[in-house]
Amino acid sequence: YRAQMPVEAVPAAALAEFGAAAAAAQLAQLRDSYAHIRFFFAPSALYDPQGFVGEWLQACCEKTDDQFVAGFRVQTFDTPAASLAAQQPYRVDFESDISLTGFRLVRSVVPRGGQLQLTLFWLVRAPVAKSYTVFVHLLAPDGFNILNGDGIPRNGSRPTTSWQAGETLIDTHSIALPADMPVGVYRLEIGMYERESGVRLAGQIGSGMAVDRFILPLRVQVE
């Protein structure tokens, strides 16, 4: 990005004086006004000693980049509107009134030692009584699962028991790639299982057969 962009200090004053509620309102206004937010991550003992701003952005938005530029840590977030607009439609209707409506792979080419990030978009058809874990498996060319990014949705902050009917959840999962990982083309499979029993949820695409795992229509190049 080489053009000028608006810059805003958040919080506008020391958090102890400004207040968390006011800082959250300031961040919500930015979220609702822009598609992308670049956050210069600089914890300050005076302004934001507990890292409130970074935690708020992590909870609300999809982090698409995290790198050091000229000695500064810069994190890039897509706001919910931008994330939803960028999803690739892919509908799977699961049991327990949960539907996957699409996915997003920010980068399909990932270096060895890097992070693979997959975002899933969930639609809640009705309140969910049980807690389910989302599984994301990276499959080798021979079909074997070699790495996984399983977890409670939204990095553990939004278990399915907290989901509300009609809500859309933007849920990002990351997989750390080993530095010695073989180069090649890999696939991703996803699904859900009950935390207590380990039993997977069945789902189906349209009127197709119900299965408990879905290989996404994409390929990941590791180099």
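Is N155 buried or exposed? In this predicted model, N155 has a relative accessible area of 66% and is therefore exposed, the threshold for that class being over 50%. The residue is found in the loop between β9 and β10, and its phi is near 55°, a positive value in a residue other than glycine. R154, which lies in the loop between β9 (145-148) and β10 (168-176), likewise has a positive phi, of about 55°, although R154 is not a glycine. The surroundings of R154 are described by another class, however, because a relative accessible area of 10% makes R154 buried.

The loop between β9 and β10 also holds W163, whose relative accessible area of 1% places it among the buried residues. When neighbours within four places in sequence are left aside, W163 is in contact with I98, W122, V124, P127, V128, P153, R158, L169 and M192. A polar atom of the W163 side chain lies 3.5 Å from the backbone oxygen of P159. Along the chain, W163 and A129 are 34 residues apart, while their C-alpha atoms are separated by 9.3 Å.

A further backbone feature concerns the segment before α1 (15-18), where P11 is found. The peptide bond from V10 to P11 is cis, and its omega is near -5°.

Turning to helix packing, the axes of helix α2 (residues 20-33) and helix α3 (residues 52-60) come within 11 Å and cross at roughly 45°. Because of this angle, α2 is oblique to α3. The crossing by which α2 passes α3 is right-handed. On the α2 side the contact is made by A20, A23, A24, L27, A28 and R31, and on the α3 side by F52, V53, W56, L57 and C60. Divided by character, the residues of this contact comprise 10 nonpolar, no polar and one charged.

Q87 lies in the loop between α4 (80-86) and β4 (88-94), and with a relative accessibility of 19% this residue counts as buried, since the class extends to values under 20%. Leaving aside neighbours within four places in sequence, the residues in contact with Q87 are T101, G102, F103, R104 and F121. Two of these partners are also described by polar distances: the side chains of Q87 and T101 are joined by a polar contact of 3.4 Å, and the backbone nitrogen of G102 lies 3.4 Å from a polar atom of the Q87 side chain.

R104, which is among the contacts of Q87, is also touched by T64. T64 is found in strand β2 (residues 62-69) and is buried, with a relative accessible area of 11%. Not counting residues up to four places away in sequence, the other residues that T64 touches are T76, F77, D78, V106, R107 and Q117.

F103, another contact of Q87, is in contact with L218 as well. L218 is found in the loop between β13 (214-215) and β14 (220-222), and a relative accessible area of 9% makes L218 buried. Apart from F103, and with neighbours within four places in sequence left aside, L218 is in contact with L105, Y186, R187 and L188. L218 and E189 are 29 residues apart in sequence, and the distance between them in space is 9.9 Å, C-alpha to C-alpha.

R187 and L188, which are in contact with L218, are also in contact with I215. I215 is found in strand β13, and its relative accessibility of 38% means that I215 counts as partly exposed. With neighbours within four places in sequence left aside, I215 is further in contact with Y90, L139 and E189. The C-alpha atoms of I215 and V136 are separated by 9.7 Å, although these residues are 79 apart along the chain.

Notes. Residues are numbered from 1 along each chain as its sequence is written. This is a predicted model: local features need pLDDT of at least 70, side-chain atom pairs count only at pLDDT 80 or more; totals for chains, interfaces and linings use all residues. Side-chain values use heavy atoms; hydrogens and water are left out. Axes are lines fitted to C-alpha atoms, for helices over the stretch in contact, and angles run from 0 to 180 degrees between N-to-C directions. Helices (H or I, at least four residues) and strands (E, at least two) are DSSP runs, numbered from the N terminus. Angles under 35 degrees count as roughly parallel, over 145 as roughly antiparallel, 65 to 115 as roughly perpendicular and the rest as oblique. A crossing is left-handed if the near helix is turned anticlockwise from the far one by less than a right angle, and right-handed if clockwise. Contact means heavy atoms within 4.5 Å. Ala, Val, Leu, Ile, Met, Phe, Trp, Tyr, Cys and Pro count as nonpolar, Asp, Glu, Lys and Arg as charged, and the others, Gly among them, as polar. Buried means under 20% relative accessible area, exposed over 50%, partly exposed in between (1.4 Å probe, protein chains only). A polar contact is a pair of N or O atoms within 3.5 Å; within protein, one must be able to donate a hydrogen and the other to accept it, and residues adjacent in sequence count only if both atoms are side-chain atoms.
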